Amino acid sequence: MAIKELIKTIEGKECEIYAIKQTQRKLICTASPQVEIYRNTIKIPTIGTGKAQYKRYSFALIVCADAEPKDDELQGIRCFDVKMLLKRQDGVFAPLNLYSLTDVDIDGGRWVFDVQDRETVEMLESW
C-alpha cells in the first residue's frame with residue numbers, strides 16, 4: 001500500500017516556462033508558481049520480519065499559466081525549462097531554475113511538473 005504525504009508548500013513568483021524544440025529555447029508563457037514537496041511511502045512485505053518501508057521524495061511544481069499555449073505551440077516539444085523565484089522561510093525570494101523537465105500534466109491553464117531529483121528536493125525542504 002502506498003501513502004502520499006504533502007510535507008511542505010512553497011509559494012513563488014515571476015515564473016517563466018520555456019519550451020525546448022530541437023535546438024531552440026522559446027518562452028511560451030509566464031505563470032504563478034507553487035511547489036509542493038511529497039513523501040511517498042510504500043510498505044514492502046518481507047519474509048521473516050514485519051513490513052519494510054521504502055520512502056521516496058518528490059515534488060510537484062504547480063504553475064497557473066497567465067495564458068494557455070495553443071496546441072500547435074506544444075507540438076514537437078522535447079522538454080521544458082522553468083525559471084522562477086521561490087520564497088524561503090526567512091521571507092527572501094531566491095531563484096530556482098529547473099531544466100529538461102519532461103513529466104508534465106497540462107490541464108487548462110494549470111501545469112503540474114513532477115520532479116524526482118533528490119538533491120533539489122532536499123534543498124527545497126531546508127527552505
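**Exercise 1. A salt bridge between strands**

Which residue forms a salt bridge with Arg-39, and how far apart are the closest N and O atoms?

*Solution.* Keep in mind as you work that this is a predicted model.

Step 1. Look for the partner of Arg-39: it is Glu-5, and the closest N and O atoms are 3.3 Å apart.

Step 2. Check that distance against the cut-off, which asks for a side-chain nitrogen of Lys or Arg within 4 Å of a carboxyl oxygen of Asp or Glu.

Step 3. Place both residues. Arg-39 belongs to strand E2 and Glu-5 to strand E1, so this pair ties together parts that are 34 residues apart in sequence.

Step 4. Add the exposure. Arg-39 is partly exposed at 21% relative accessibility, and Glu-5 is partly exposed at 33%.

**Exercise 2. Two further salt bridges**

Find the salt-bridge partners of Asp-90 and Glu-122.

*Solution.*

Step 1. The side chain of Asp-90 meets that of Arg-88, with 2.8 Å from N to O. Asp-90 is exposed at 51% relative accessibility, while Arg-88 is partly exposed at 30%.

Step 2. The side chain of Glu-122 meets that of Arg-118, with 3.1 Å from N to O.

Step 3. Now think about the helix. Glu-122 and Arg-118 are four residues apart in helix H2, so about one helical turn separates them.

Step 4. For the total, the count of salt bridges comes to four.

**Exercise 3. How E1 and E2 pair**

In which sense do E1 and E2 pair, and over how many bridges?

*Solution.*

Step 1. Follow the two strands: they pair in the antiparallel sense over 16 bridges.

Step 2. Pick one position to see this pairing. Ile-10 stands opposite Val-35 in E2.

Step 3. Go to the hairpin, where two residues lie between the strands; there Gln-22 has a positive phi near 50 degrees.

Step 4. Put that value in context: most residues other than glycine have a negative phi.

Step 5. Look for other positive values. Glu-14 has a phi near 50 degrees and sits in strand E1. Ser-100 has a phi near 60 degrees and sits in strand E5.

**Exercise 4. Buried or exposed?**

Decide whether Thr-41 and Gln-89 are buried or exposed, then list their contacts.

*Solution.*

Step 1. Thr-41 has 7% relative accessibility, so it counts as buried, since the cut-off for buried is under 20%.

Step 2. Thr-41 lies in strand E2. Setting aside neighbours within four places in sequence, its contacts include Met-1, Ile-3, Glu-5 and Tyr-54.

Step 3. Gln-89 has 63% relative accessibility, so it counts as exposed, since exposed means over 50%.

Step 4. Gln-89 is in the loop between E4 and E5. Beyond neighbours within four places in sequence, it contacts Lys-8, Ser-126 and Trp-127.

Step 5. Compare sequence with space: Gln-89 and Ile-10 are 79 residues apart in sequence and 9.0 Å apart from C-alpha to C-alpha.

**Exercise 5. The nonpolar core**

Which residues of the largest nonpolar core touch the most other members?

*Solution.*

Step 1. The core has 28 residues, and those touching the most other members are Ile-17, Phe-59, Leu-61, Trp-111, Phe-113 and Leu-124.

Step 2. Ask where the core residues come from. Elements giving two or more residues include E1, strand E3 (51-65) and helix H2 (118-125), and E2 gives the most, with five.

Step 3. Zoom in on Leu-124. Not counting residues up to four places away in sequence, it touches several residues, among them Ile-10, Val-35, Phe-59 and Leu-96.

Key
Residues are numbered from 1 along each chain as its sequence is written. This is a predicted model: local features need pLDDT of at least 70, side-chain atom pairs count only at pLDDT 80 or more; totals for chains, interfaces and linings use all residues. Side-chain values use heavy atoms; hydrogens and water are left out. Two strands pair if DSSP finds at least two bridges between them. A nonpolar core is a set of buried Ala, Val, Leu, Ile, Met, Phe, Trp, Tyr and Cys residues joined through side-chain atoms within 4.5 Å. Buried means under 20% relative accessible area, exposed over 50%, partly exposed in between (1.4 Å probe, protein chains only). Contact means heavy atoms within 4.5 Å.
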